[in-house]
Amino acid sequence: MLHLILASQSPARTKLLAEAGIRHTVLVSDVDEAAVQAHYGVTDPHDTALLLARAKAEAVAALPEADGALVLGCDSVFEFDGEAHGKPYTADVARERMLRMSGSAGVLHTGHWLVDCRDTDDDGSGRRGSGATVGAVASAEVSFLEMDPAEIDAYIATGEPLHCAGSFTIDGLGGAFIRKVDGDPHAVVGLSVSTLRGLLASANVRITDLWPPR
């Protein structure tokens, strides 16, 4: 049976996969995102999302637990006014960002990287690995409603935006402040199922192969 490992601790990503009927387990990487960015010197938000997704996938793929599995790494970066915004972590940073974002728009980039850790030798099972290590970025423009300072403070007080790229969610409380999304809405959640389908195809796997047996 095919085994997909999600190299991410994001509850939203694993929930999205579960709701899409995709069997998977979670194995979190120990990647130091700041160190990876500093090492490669990448500043473009689109490329940063892909770089970090690859780093997470390859870190987990190197673990013994990943032997024989497909490993998916994901990372999201919000691009606003030409700047890359990851998780704010503090209330002050989140407030400053959200005041600027109010009534405006930015682009959420979600990088995906898939590593096929299955044996490439033919064992007669028909599940020979492809050796693929492939990635792609799904992006969507997010337009925000006007938010008054009291609403922003109330939202920050919930703690939700502190650990989300761009200081917002679309599938939680932050959805109340989003006017529209142009592009794949799953990318804004943090994992594009259609992008995953394309990556799996590169590894000679159909996404339907990961659906529960009927």
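This report describes a predicted model of one protein chain, from its overall build to a set of paired strands and one loop residue.

## Overall build

The protein chain contains seven helices and seven strands. Following the sequence from its start, these elements come in the order β-α-β-α-α-β-β-α-β-β-α-β-α-α.

The C-alpha trace extends over about 65 × 45 × 25 Å along the principal axes of the chain. The radius of gyration is 18 Å, and a compact globule with 214 residues would have one near 17 Å, so the value for the protein chain agrees with that expectation.

## Burial and contacts

Of the 214 residues in the protein chain, 43% are buried. A residue counts as buried when its relative accessible area is under 20%.

Among contacts with a separation of 6 or more, 70% join residues that are 24 or more positions apart in the protein chain.

## Surface and charge

The exposed area of the protein chain is about 10300 Å². Carbon and sulfur atoms contribute 51% of that area.

Side chains in the protein chain include 17 that are positive and 30 that are negative. Between the centres of these two sets there is a distance of 7 Å.

## Strand S5 and its partners

Strand S5 covers residues 105–116. Ten of its twelve residues are buried, which leaves the strand mostly covered.

S5 pairs with strand S3, residues 70–80, in the antiparallel sense, and ten bridges link the two. One of the residues involved is Cys74, whose bridge partner in S5 is His112. S5 also pairs with strand S6, residues 133–144, again in the antiparallel sense and over eleven bridges. Here Trp113 has Gly135 in S6 as its bridge partner.

## Ser167 in its loop

Ser167 sits in the loop that runs between helix H5 (149–157) and strand S7 (178–183). Is this loop residue buried or exposed? Ser167 has a relative accessible area of 0%, so Ser167 is buried, as the limit for that term is under 20%.

Which residues does Ser167 contact, apart from its neighbours within four places in sequence? The contacts of Ser167 are Pro88, Ala94, Arg97, Met98, Tyr155 and Pro161.

Technical notes
Residues are numbered from 1 along each chain as its sequence is written. This is a predicted model: local features need pLDDT of at least 70, side-chain atom pairs count only at pLDDT 80 or more; totals for chains, interfaces and linings use all residues. Side-chain values use heavy atoms; hydrogens and water are left out. Helices (H or I, at least four residues) and strands (E, at least two) are DSSP runs, numbered from the N terminus. Buried means under 20% relative accessible area, exposed over 50%, partly exposed in between (1.4 Å probe, protein chains only). Contact means heavy atoms within 4.5 Å. The radius of gyration is taken over C-alpha atoms; the globule rule is 2.2 Å times the number of residues to the power 0.38. Accessible areas come from the Shrake-Rupley method with a 1.4 Å probe; for residues, only the protein chains shown count as cover. Lys and Arg count as positive and Asp and Glu as negative; His and the chain ends are not counted. The place of a charge is taken as NZ of Lys, CZ of Arg, CG of Asp or CD of Glu. Two strands pair if DSSP finds at least two bridges between them.
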